[in-house]
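Colleague: Please take one strand of this model and go through its surroundings closely. I would like its pairing, its burial and the contacts of one residue in it.

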Amino acid sequence: MIEARHLRVLRAVAATGSFSAAGRELGCTQPAVSQQMKALEASVGTPLLVRSGREMRLTQAGEALVRHAAGILSGLTAAEEEVAAIAGLRAGRVRLVSFPSGSSTLVPTALAALRAEHPGTRVSLEEAEPPESVEALRGGDCDVALAFRYARVAGAGDTGEWDDLVVRPLLTDRLVALVPERHRLARARTVAIGELAAEPWIAGCPRCRGQLVEVCERAGFTPRIDFATDDYPAVVGLVGAGLGVAVLPQLAIESVRPRGARAVTLEPAVRREIVALTLPDLAQVPAVAATLEQLGRAARAK
């Protein structure tokens, strides 16, 4: 192994012509210079210097190593400066994956604050619903995943689902019923999901669709799903046109203007847990940690 400190000593010896002069330039003793040169020659397996009277001259191998040393040392310096910039949040990159209603509510606030505090940190954003977003994190395709999971019947989440990840809880998002504004229940303060049993339904993403069916079946009926779309504005539009009813997260209602539709509190309450996820090693990266902190602040402001 060739060590950077040995290369620095070799360059100093080549430039000054002696161990003692190199020691003065480097701020160390002549024996220390001699010892490091012996260690370097042992590493490369060939002499690098020969004495000629009172002077030192480089062997052919020494000349080659000195020629490469400049590039090697400058590269190391550049690497050290770049790492220091990343560690100090003067630079860095974070790849964020979020589900759509998170992208339109929590993410803009968090990223605007992150840019204001650390303008050198770049964040890219892609959209995906869990579990795809979580698998992207595990597969190394992103650094932070904004995800959610629904509470189970007993009120606990899917235990073990994220045991290998760092989980940053953000907020609990309550689901609301969405009905046409002229619907018989549009003025109600609350609605039991069983009161919507006979209605046609508009369902959302696959995970939300599965949760809807589960909640309805607990209430004693199977929903008749006439339309299914991952696009929340499309859900609102279909409800507003009187084509059915839906259940949406509160965050989704915040991200769209429900024209022609009304949101009604759903009883009993159905909630989903919103979290930011990352890998244990990534949680130690300053830019990732700063992103998690800003997502937490954005959630607390809700």
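Modeller: Two strands count as paired if DSSP finds at least two bridges between them. The model is predicted, and the strand I take is β12, residues 271-278.

On one side of the account is strand β5 (residues 144-150), which six bridges join to β12. The two run antiparallel, and within this pairing alanine 145 stands opposite leucine 277 of β12. Strand β6 (residues 166-180) is also antiparallel to β12, and eight bridges join them. Here arginine 174 is the residue opposite arginine 271 of β12.

As for burial, β12 is largely enclosed by the rest of the structure, because six of its eight residues are buried. Threonine 278, which lies in this strand, has a relative accessible area of 0%; the cut-off for buried is under 20%, so Thr278 counts as buried.

The contacts of threonine 278 include Leu137, Asp143, Leu165 and Val166, and also Ala283, Val288 and Leu292, leaving aside residues up to four places away in sequence. With one of these, aspartate 143, there is a polar approach: a polar atom of the threonine 278 side chain lies 2.6 Å from the backbone oxygen of Asp143.

For the wider setting, the largest nonpolar core of the model has 59 residues, and Ile193 and Trp201 have the most contacts inside it. Isoleucine 193 touches Trp201 itself, and its other contacts include Leu212, Val215, Phe221 and Leu266. A second, separate core has 17 residues, among them Leu7, Leu40, Leu65 and Leu73.

Methods. Residues are numbered from 1 along each chain as its sequence is written. This is a predicted model: local features need pLDDT of at least 70, side-chain atom pairs count only at pLDDT 80 or more; totals for chains, interfaces and linings use all residues. Side-chain values use heavy atoms; hydrogens and water are left out. A nonpolar core is a set of buried Ala, Val, Leu, Ile, Met, Phe, Trp, Tyr and Cys residues joined through side-chain atoms within 4.5 Å. Buried means under 20% relative accessible area, exposed over 50%, partly exposed in between (1.4 Å probe, protein chains only). Contact means heavy atoms within 4.5 Å. Helices (H or I, at least four residues) and strands (E, at least two) are DSSP runs, numbered from the N terminus. A polar contact is a pair of N or O atoms within 3.5 Å; within protein, one must be able to donate a hydrogen and the other to accept it, and residues adjacent in sequence count only if both atoms are side-chain atoms.
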